[in-house]
Amino acid sequence: MVSQAEIDRLRLEADTIMTRYERVERALERARSESGDHWDTGELTVSLETPRGEPIEVTLELDADPASNARSRYERAKRLEAELERRERIVGELAPLPAEPVAYLICYHLDAVEGNYPRSMAGHLDARREDVASLCTAMETAGVLERVESGTVKQRRVKAKQADEVRQHHTYYRLSRQGDHLLRLLGEPEGRLNVLRHLPDGETLVRRLARGGPDYPRMTAQELGMEFEHVRHLYRALRQVGLVTEYEGSTIKGTERKLKPKDETHRKHTYYTATDEAEAALRQLEE
């Protein structure tokens, strides 16, 4: 896992090696003239004092001089810092999007219909109108959505409606350019990875499916003590992103479902499973 703590540790070790250069050099020379386990590993662990006088143990490469040992740490810290900045930048790009599954669903819905108003969106998404309206307001403020300012909204631009022309007695929204960018980001591996960091309970559900096999929203909600509506929308949002998919088939074999082992389960609900992309994202989170 890339972290600021790991970067700080590497730099502290490098600073310590350079500060205690002669001591490190003597320890390496002595070890090269003696037998021991360090010949099997190619490494030597020494106890040193940091520039502030605090004790620290540093594992050195036996065949490298002190400067090379320090330089390798500085270089690795620099690479990790660049990676951390890149990841934080991507997470930051998701920051304008409310950390709610319905917010994700609104974006995908508007991408498909090109414009709609909260009451209609609530019906399409099976969500509360008040929640959708509140999220739309927040997303407009953040720049993810924009209002359709024209006097009328043409049918060819609003696929969710059936009339040739829709009078604008509602507040219509559509994705902004920033919203379009967000959806493109969510379609990339790094974007999907950061959804697990951004969307509360997203990683929990994906890990549950990856380890336990297919599951359905009501069972997940009951066993994890979550609200059913939240879980239902969360599964749908994760499906849109590409981290979960609906299980196909009328029965689930016992070997596939470790969460509730049976010889087989006759499917009466909509079951979800983790995708290969989800498995890859989880591995990255553990690195």
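Helices, in the sense used here, are DSSP runs of at least four residues, numbered from the N terminus. In this predicted model, the residue Gly143, placed just after helix H7, takes a positive phi of about 95°. Helix H7 itself spans residues 129–142 and comprises 14 residues. From its first C-alpha to its last, H7 reaches 20 Å, close to the 20 Å expected at 1.5 Å a residue.

Four residues of H7 are buried, namely Val132, Leu135, Cys136 and Met139. Viewed down the helix axis, the buried residues of H7 fall within an arc of 105° and therefore line one face of the helix. These buried residues pack against two helices, H5 (101–113) and H6 (118–125), and against two strands, E3 (145–147) and E6 (173–175).

A second glycine with a positive phi is found in a hairpin formed by strands E1 and E2: Gly53, in the turn, has a phi of about 85°. Five residues lie between the two strands. E1 (residues 43–49) and E2 (residues 55–61) run antiparallel and are joined by seven bridges. Within this pairing, Val46 of E1 stands opposite Val58 in E2. The two faces of E1 are distinguished by their cover: Leu44, Val46 and Leu48 make up the covered face, whereas Glu43, Thr45, Ser47 and Glu49 make up the uncovered one.

Salt bridges number 14 in the structure. One of them joins the side chains of Glu13 and Arg73, with an N to O distance of 2.6 Å. Because Glu13 belongs to helix H1 (residues 4–19) and Arg73 to helix H4 (residues 66–94), this pair ties together parts that are 60 residues apart in sequence. Glu13 and Arg73 are both buried. The two residues also take part in a network of salt bridges that links them with Glu6 and Arg9.

Arg207 takes part in salt bridges with Glu203 and with Glu286. In the pair with Glu203, the closest N and O atoms are 2.7 Å apart. Both of these residues lie in helix H10 (residues 202–212), four residues apart, about one turn of the helix. In the pair with Glu286, the closest N and O atoms are 2.8 Å apart. This pair links distant parts of the chain, with Arg207 in helix H10 and Glu286 in helix H13 (residues 276–286), 79 residues apart. The accessibility of the three residues was also computed. Arg207 has a relative accessibility of 15% and so counts as buried, the cut-off being under 20%. Glu203 is partly exposed, at 27% relative accessible area, and Glu286 is exposed, at 53%.

Key. Residues numbered from 1 in each chain as written. Predicted model: local features only at pLDDT ≥ 70, side-chain atom pairs only at ≥ 80, totals over all residues. Heavy atoms only, no water. Buried < 20%, exposed > 50% of the residue type's maximum accessible area, 1.4 Å probe, protein only. Pairing = 2+ DSSP bridges. Expected span 1.5 Å × (residues − 1). Arc of directions from axis to C-beta. Contact = heavy atoms within 4.5 Å. Salt bridge = Lys/Arg side-chain N within 4 Å of Asp/Glu carboxyl O.
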